[in-house]
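Open the model in your viewer and keep the selection tool at hand. The tour goes stop by stop.

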Amino acid sequence: MRELKDLVRPNIWKLSPYSSARDEYSGHDAHVFLDANENPYNQPYNRYPDPLQRELKSVIAKIKGVREQQIFLGNGSDEAIDLVYRCFTRPGIDNVVAIDPTYGMYKVCADINDVEYRPVRLDSNFHMSANKMLAACDIHTKVIWICSPNNPSGNQIDRDEIEKILTSFDGIVVIDEAYSDFSKAKPFRQEIRLNPRLIVLNTMSKAWGCAAIRLGMAFANETIIALFNKVKYPYNINQLTQERALELLRNPYEVEKWVNLLLQERSHMTDAFRMLPICQKVYPTDANFFLARMTDAQSIYDYLIEKGIIVRNRNRVTLCENCLRITIGTKTENGQLLAALRQYE
């Protein structure tokens, strides 16, 4: 079994991080700031934000049931995805394994970092085989990517299969739970203490309705979080994002209401789609979207664009021929989509 240190790129393990002005006086009271070449006017936005987002992490820790030291905050989950490659994979040498189809940024970041990406096809119902995933690994496999609920299929990946990978693979396992707030499944972030090589991703973009502020989360043991903090840019989360996130996090009941409304609409929409003559199949979903196989996805997609209605055409994605991915909107938006589809000829 490889130790965590053996999985980290040697240069990253030895890296001396940039020391920001705000880090160096940490632990002391201060009221005169003449250290960071800031403009003394236009308060409070003249000052650099907390590089470790301590106040924000303290609130998230209570909501998510983890310790502050087990939280990394990034500019969207995409920053955390990229950091996995930068911390653990050596360009041109190492590889990663991922379910297929899944979220496209795992491969984009692999290509950017010159890391071999090995997709393992799901079955026709978008179920994962742990044995197939493990068979795709070799001595240079550093990371396995699992998105659950998965995108674009929407289904929860079987927990027993994920746990088999966690117990059998001696590299980093990343479980992307961006859509977990819409699922009844127990989140894997509650198991990071038992799995020192597990990283769980989450985001403010989905259930929390904050895609515009670009705030992603990664939960992992303290050593991995320390590595991420060492490699990230010093002030990666701006003050405005931190303030807006704090404002919303202090009112979680509003978010709970949104989630319940979306789940009700999800049930209504999937039932309605099954009744459409142009819909051949609606796949099971645990997310705030669903995948539907249509009679002619491209033609229907083009028709909807002409109506000013945008859905996601997944026609060219693995296993998704003639499929559209539908995000659950408001009752009014959903009604407009259904009305347009009922008039399609």
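Buried, on this tour, means under 20% relative accessible area. Keep in mind that the model is predicted.

**Stop 1: strand 6**

Select strand 6, residues 198-203. Six of its six residues are buried, so strand 6 is largely enclosed by the rest of the structure. Now show the side chains. L198, V200 and N202 point one way. I199, L201 and T203 point the other way. In a regular strand, side chains alternate between the two faces of the sheet.

**Stop 2: the partners of strand 6**

Add strand 5, residues 172-176. Strand 5 and strand 6 run parallel and are joined by four bridges. For one pair to label, take V174, whose bridge partner in strand 6 is I199.

Next add strand 7, residues 216-219. Four bridges join strand 7 to strand 6 as well, but here the strands run antiparallel. Label N202 and its bridge partner in strand 7, M217.

**Stop 3: the whole sheet**

Zoom out. In which order do the seven strands lie? The order is 1-7-6-5-4-2-3, in an open sheet with mixed pairing. The edges are strand 1 (71-74) and strand 3 (116-121), each of which pairs on one side only. On average, neighbouring strands are turned by 20° against each other, direction ignored.

Go to the edge at strand 1. Strand 1 runs antiparallel to strand 7, with four bridges between them. Here G74 stands opposite G216 of strand 7.

**Stop 4: helix 4 on the sheet**

Select helix 4, residues 54-64. Helix 4 packs on the sheet and touches strand 1, strand 6 and strand 7. Its direction makes about 120° with that of strand 1.

Pick R54, which belongs to helix 4. R54 has 34% relative accessibility and so counts as partly exposed. Now pick E68, 14 residues from R54 along the chain. Their C-alpha atoms are separated by 7.8 Å.

**Stop 5: the loop after strand 6**

Move to S205, in the loop between strand 6 and strand 7. Is S205 buried or exposed? S205 is buried, because its relative accessible area is 15%, and the cut-off is 20%. Leaving aside neighbours within four places in sequence, S205 is in contact with C210, A211 and R214. Check G216 too: S205 and G216 are eleven residues apart in sequence, and 7.7 Å apart from C-alpha to C-alpha.

**Stop 6: the cores**

Select M204. M204 is among the residues with the most contacts inside the largest nonpolar core, along with M128 and I165. That core has 54 residues. Beyond its neighbours within four places in sequence, M204 is in contact with G209, C210, A211, L215, M217, A245, L248 and L249.

Apart from this core lies another, of 33 residues. Its members include A80, Y106, Y117 and I225.

**Stop 7: helix 5 against helix 9**

Finish with helix 5 (residues 77-88) and helix 9 (residues 222-231). Their axes lie 10 Å apart and the packing angle is about 95°. Helix 5 and helix 9 are therefore roughly perpendicular to each other. From helix 5, select A80, L83, V84, R86, C87 and F88. From helix 9, add I224, L227, F228 and V231. These residues make the contact. What kinds of residue does the contact of helix 5 with helix 9 hold? Nine are nonpolar, one is charged and none is polar.

Methods. Residues are numbered from 1 along each chain as its sequence is written. This is a predicted model: local features need pLDDT of at least 70, side-chain atom pairs count only at pLDDT 80 or more; totals for chains, interfaces and linings use all residues. Side-chain values use heavy atoms; hydrogens and water are left out. Axes are lines fitted to C-alpha atoms, for helices over the stretch in contact, and angles run from 0 to 180 degrees between N-to-C directions. Helices (H or I, at least four residues) and strands (E, at least two) are DSSP runs, numbered from the N terminus. Angles under 35 degrees count as roughly parallel, over 145 as roughly antiparallel, 65 to 115 as roughly perpendicular and the rest as oblique. Contact means heavy atoms within 4.5 Å. Ala, Val, Leu, Ile, Met, Phe, Trp, Tyr, Cys and Pro count as nonpolar, Asp, Glu, Lys and Arg as charged, and the others, Gly among them, as polar. Two strands pair if DSSP finds at least two bridges between them. A nonpolar core is a set of buried Ala, Val, Leu, Ile, Met, Phe, Trp, Tyr and Cys residues joined through side-chain atoms within 4.5 Å. Buried means under 20% relative accessible area, exposed over 50%, partly exposed in between (1.4 Å probe, protein chains only).
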